[in-house]
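Reader: I should like to examine how the descriptive terms applied to this model are justified. Please take each term in turn and set the value against its criterion.

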Amino acid sequence: MIQPQTLLNVADNSGARKLMCIRIIRTSNHRYAHIGDVIVVVIKEAVPNMPLERSEVIRVVVVHTCKELNVKTV
């Protein structure tokens, strides 16, 4: 579960290393983001000489969390 002010590690090769969630984009006002949700983040730490820089605001998709996903079968 990801909520605003959560520090995140990046799982791609974009050049960002650490992110901080600032907003969860959903149809209604939810407190937590889960796998597949789009969130707005600010870059806190980035690799030098890459296109993304520190303090840049971007949108990302959550693809992995430490907390397991509850899957309900019918």
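Author: Let us begin with pairing: two strands count as paired if DSSP finds at least two bridges between them. The model is a predicted one. In it, Leu8 stands opposite Leu19 in strand 2, and the bridge partner of Leu7 in strand 2 is Met20.

Reader: How do you know that strand 1 and strand 2 are paired?

Author: The criterion asks for at least two bridges. Strand 1 and strand 2 (residues 16-25) have three bridges, in the antiparallel sense, so the criterion of at least two is met. These two strands form a hairpin with six residues between them, and Gly15 in the turn has a positive phi of about 110°.

Reader: What makes strand 2 and strand 3 a pair?

Author: Eight bridges join strand 2 and strand 3 in the antiparallel sense, and at least two are required, so the two strands pair. One of the residues involved is Ile25, whose bridge partner in strand 3 is Val38.

Reader: Why are strand 1 and strand 4 said to stand at the edges?

Author: The sheet is open, with four strands in the order 1-2-3-4 and antiparallel pairing. Strand 1 (7-9) and strand 4 (57-61) each have a single partner strand, so one side of each has no neighbour in the sheet. From one strand to the next, the twist averages 45°.

Reader: What pattern does the protein follow along the sequence?

Author: The pattern reads β-β-β-β. The protein has four strands and zero helices.

Reader: Why is the contact between Glu45 and Arg17 called a salt bridge?

Author: The cut-off is 4 Å between a side-chain nitrogen of Lys or Arg and a carboxyl oxygen of Asp or Glu. For Glu45 and Arg17 the N to O distance is 3.9 Å, so the pair qualifies under the 4 Å limit. By this rule the count comes to one salt bridge. Glu45 belongs to strand 3 (residues 38-46) and Arg17 to strand 2, so the salt bridge ties together parts that are 28 residues apart in sequence.

Reader: Are these two residues buried or exposed, or in between?

Author: Under 20% is buried, over 50% is exposed, and the range in between is partly exposed. Glu45, at 35% relative accessibility, is therefore partly exposed. Arg17 has a relative accessible area of 45% and is likewise partly exposed.

Reader: How do you know that Val40 is buried?

Author: Val40 has 12% relative accessibility, so it counts as buried, the limit being under 20%. Val40 is found in strand 3. Leaving aside neighbours within four places in sequence, the contacts of Val40 include Met20, Cys21, Ile22, Val57 and Ile58. The C-alpha atoms of Val40 and Met20 are separated by 8.6 Å, although the two residues are 20 residues apart along the chain.

Reader: What class does Arg23 fall into?

Author: Arg23, in strand 2, has 48% relative accessibility and therefore counts as partly exposed, since exposed requires over 50%. Not counting residues up to four places away in sequence, Arg23 touches Asn29, Ile39 and Val40.

Reader: Why is Thr65 called buried?

Author: With 16% relative accessibility, Thr65 counts as buried, because the limit is under 20%. Thr65 is placed in the segment after strand 4. Beyond four places in sequence, Thr65 touches Ile2 and Ile35.

Reader: Which residues of the largest nonpolar core touch the most other members?

Author: They are Ile2, Leu8, Leu19, Ile39 and Val41, out of 13 residues in this core. Strand 2 and strand 3 each supply at least two residues of the core, and the largest share, four residues, comes from strand 2. Leu8 is in contact with Ile2, Leu19, Ile39 and Val41, among others, when its neighbours within four places in sequence are left aside.

Reader: How many residues does the protein have, and what share of them is buried?

Author: There are 74 residues in the protein, and 26% of them are buried. The protein exposes about 5,800 Å², of which carbon and sulfur atoms supply 52%. Along the principal axes, the C-alpha atoms fill a box of roughly 50 × 25 × 15 Å.

Notes. Residues are numbered from 1 along each chain as its sequence is written. This is a predicted model: local features need pLDDT of at least 70, side-chain atom pairs count only at pLDDT 80 or more; totals for chains, interfaces and linings use all residues. Side-chain values use heavy atoms; hydrogens and water are left out. Axes are lines fitted to C-alpha atoms, for helices over the stretch in contact, and angles run from 0 to 180 degrees between N-to-C directions. Buried means under 20% relative accessible area, exposed over 50%, partly exposed in between (1.4 Å probe, protein chains only). A nonpolar core is a set of buried Ala, Val, Leu, Ile, Met, Phe, Trp, Tyr and Cys residues joined through side-chain atoms within 4.5 Å. Contact means heavy atoms within 4.5 Å. Accessible areas come from the Shrake-Rupley method with a 1.4 Å probe; for residues, only the protein chains shown count as cover.
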